[in-house]
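Reader: Before we go through the assignments, could you show me the model, and then let me ask on what grounds each label was given?

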Amino acid sequence: MNSAARYQVKSENRNVTHAAGVVGVATLLSRIFGYVRDMVLASFFGAGMTMDAFIAAFRIPNLLRRLFGEGSLSIAFVPVFTETLLKGGREDGLRLAVSALKLLLVCLLVVSIIGVVAAPSILQVVAPGFSDLPEKMGLTVTLTRVMFPYVAFIGLVALCMGILNVLGHFAAPAIAPVLLNLAMIGAVFAASRFSDSETVQVMGLAGGVLLGGVLQLALQLPYLVKHGVRFWVGSGLWHPAMKKVGILMLPTIFGAAVYQINILVGTLLASLLPEGSVSYLYYADRLVQFPLGIFAQAAATAVLPSLSRQAANGDQAGMGDTFGHAMSLVLFITIPAMVGLIALREPIVALLFQRGAFDAQTTRLTSDALLYYALGLWAFAAVRIVVSTFYAMQDTRTPVKTATISIAVNILFGMALMGPMKHCGLALATSLASVVNLVLLVVVLRTKLGVIRWRLIFSSCLKTLAASGLMALGVVVICRLLIPLEAETGSLRLLAGVSAGIIGGMVIFSAAAWTLKIPEWQNVMVLMRRSLNRS
């Protein structure tokens, strides 16, 4: 590789790291408000019938958002949009963006209408265990019908995110979920002012979901106009490049959203377990989504435009280096996050959720599920990077094949483990299925991008594991010294203990990373110094 090529690769890696930082910070803010939202929901509804109904109802539009929005359309659209911009010019690329938005709006309106009408039939498949409880099933159907139009708003938001990311803007799409969380929190409190009934309050919550979708879309529109997207310019529903988007999109429905499909399978099987099982898995999954959203999704979002540019230019060597950089960066962050979640799982659940209807028993059962979800955190994160690489190369078949196998593995493990381990078995099945998916993807990728420096990735990963092990020992000691075995709900001592564990763990890990000279640590420090110098 000549000096010009090396400079280009370093430039792309810096772009990926910087963009991942921007998305990560915005996502962190979103996750903080997300936990405020979950604390409010836990306090109002606990883990009973009302919360089970809302979670089951919300999973349907949320899954469709990931399948047809982030999971397929956005990922299929970004490589084609990038290629059109590079080869057809900016004007042609922007015409493609407008056509895609118009066509998607029509499709999503049709899907929303079908979803509202067919809600009872859909829930017979998604939550069959609710059929024996008419009141629970009736409430779930009503909530599903109220929230289904959310699919239209959030699907458009996902496409806007893809357009803006390729055009170099990452902040607005990443921070949009804050508006959803604020709308849901405000809706619950507003409904509680009018009635003490949980049914009325949860209906208000469903209305807050719809409002959140409207606000998120409204946030994107000014930035699209700023970057040259003109909705009012004469452009039909069809652009020639949309054919390629459609060809890529169909198989990616399964390949990109396998994690969400596996979570849905867990919800389906959990509906057959004792009441509260759906909620335990939901709250545990929310905690796993914190590092997964901030770091893994941020890196995957940031790396896709860079990989797509390199793929469009036929730069396989550059793709290999960019993939290796992104993979090492994600593992460097998610491995210690996994260890920290496992070590602090019960105190964190107690601190965030244990109040009102969310009692100590619910805390214990939720933290048990969190343990088994956290074991697969590194695999959940790594899969997102590998899948983005395949889609940048416009290879949709491989992720579909591995995803299909992964879903089958999740179902088999879930059915086998839910008996002896209850809801914990379903969480473990999801983690095991993701590991299987990752292994299969990596085996194929090694043949397609032989230029990847696997030894450097493994070396960095081993050092990260060593640093995380030292961190775990320190966190355990801090927990035993500062966190009481029977902490009062919301006590300052519990807050101080959890905070000390997190901060202490970060300090120990940072010191170990510096001592071991982990490359990703040095890259992050360089980026932080540059950011400070600019400010």
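Author: What follows takes several labels in turn and sets each value against its cut-off; the model is a predicted one.

Reader: Why is Thr-362 called buried or exposed, and where does Thr-362 lie?

Author: Thr-362 lies in helix 15, residues 360-374. Its relative accessibility is 8%, and buried means under 20%, so Thr-362 counts as buried. Leaving aside neighbours within four places in sequence, Thr-362 is in contact with Ala-47 and Tyr-280.

Reader: What makes Lys-517 exposed, and what is said of its phi?

Author: The relative accessible area of Lys-517 is 60%, and since exposed means over 50%, the label exposed follows for Lys-517. Lys-517 is placed in the loop between helix 20 (492-516) and helix 21 (519-534), and its phi is positive, about 55 degrees, although Lys-517 is not a glycine.

Reader: Why does Gln-394 count as partly exposed?

Author: Gln-394 has 26% relative accessibility, which falls between the limits of 20% for buried and 50% for exposed, and therefore Gln-394 counts as partly exposed. Gln-394 is located in the loop between helix 16 (377-392) and helix 17 (397-421), with a positive phi near 60 degrees in a residue other than glycine.

Reader: What makes Val-106 eligible for a nonpolar surface patch?

Author: A patch residue needs over 30% relative accessible area and no salt bridge; Val-106, in helix 3 (residues 90-117), has 40% relative accessibility and counts as partly exposed. Together with Val-110, Ile-114 and Leu-237, Val-106 makes a nonpolar surface patch of about 330 Å².

Reader: How do you know that the span of helix 5 is close to what is expected?

Author: Helix 5, residues 134-147, has 14 residues and reaches 20 Å from its first C-alpha to its last, and the span expected at 1.5 Å a residue is 20 Å. Among the buried residues of helix 5 are Leu-139, Val-141 and Leu-143.

Reader: Which residues have the most contacts inside the largest nonpolar core?

Author: The largest nonpolar core has 150 residues, and those with the most contacts inside it include Leu-143, Phe-54 and Phe-353. The largest share of this core, 17 residues, comes from helix 2 (residues 49-88). A second, separate core of five residues includes Val-23, Ala-26, Phe-170 and Ala-174.

Reader: What is Phe-353 in contact with, leaving aside its neighbours within four places in sequence?

Author: The contacts of Phe-353 counted in this way are Tyr-35, Asp-38, Met-39, Ala-42, Tyr-283, Leu-287 and Phe-358.

Key. Residues are numbered from 1 along each chain as its sequence is written. This is a predicted model: local features need pLDDT of at least 70, side-chain atom pairs count only at pLDDT 80 or more; totals for chains, interfaces and linings use all residues. Side-chain values use heavy atoms; hydrogens and water are left out. Helices (H or I, at least four residues) and strands (E, at least two) are DSSP runs, numbered from the N terminus. The expected span of a helix is 1.5 Å times one less than its number of residues. Buried means under 20% relative accessible area, exposed over 50%, partly exposed in between (1.4 Å probe, protein chains only). A nonpolar core is a set of buried Ala, Val, Leu, Ile, Met, Phe, Trp, Tyr and Cys residues joined through side-chain atoms within 4.5 Å. Contact means heavy atoms within 4.5 Å. Patches are made of residues with over 30% relative accessible area and no salt bridge: like charges are joined within 9 Å, nonpolar side chains (Val, Leu, Ile, Met, Phe, Trp, Tyr) within 5 Å. Accessible areas come from the Shrake-Rupley method with a 1.4 Å probe; for residues, only the protein chains shown count as cover. A salt bridge is a side-chain nitrogen of Lys or Arg within 4 Å of a carboxyl oxygen of Asp or Glu.
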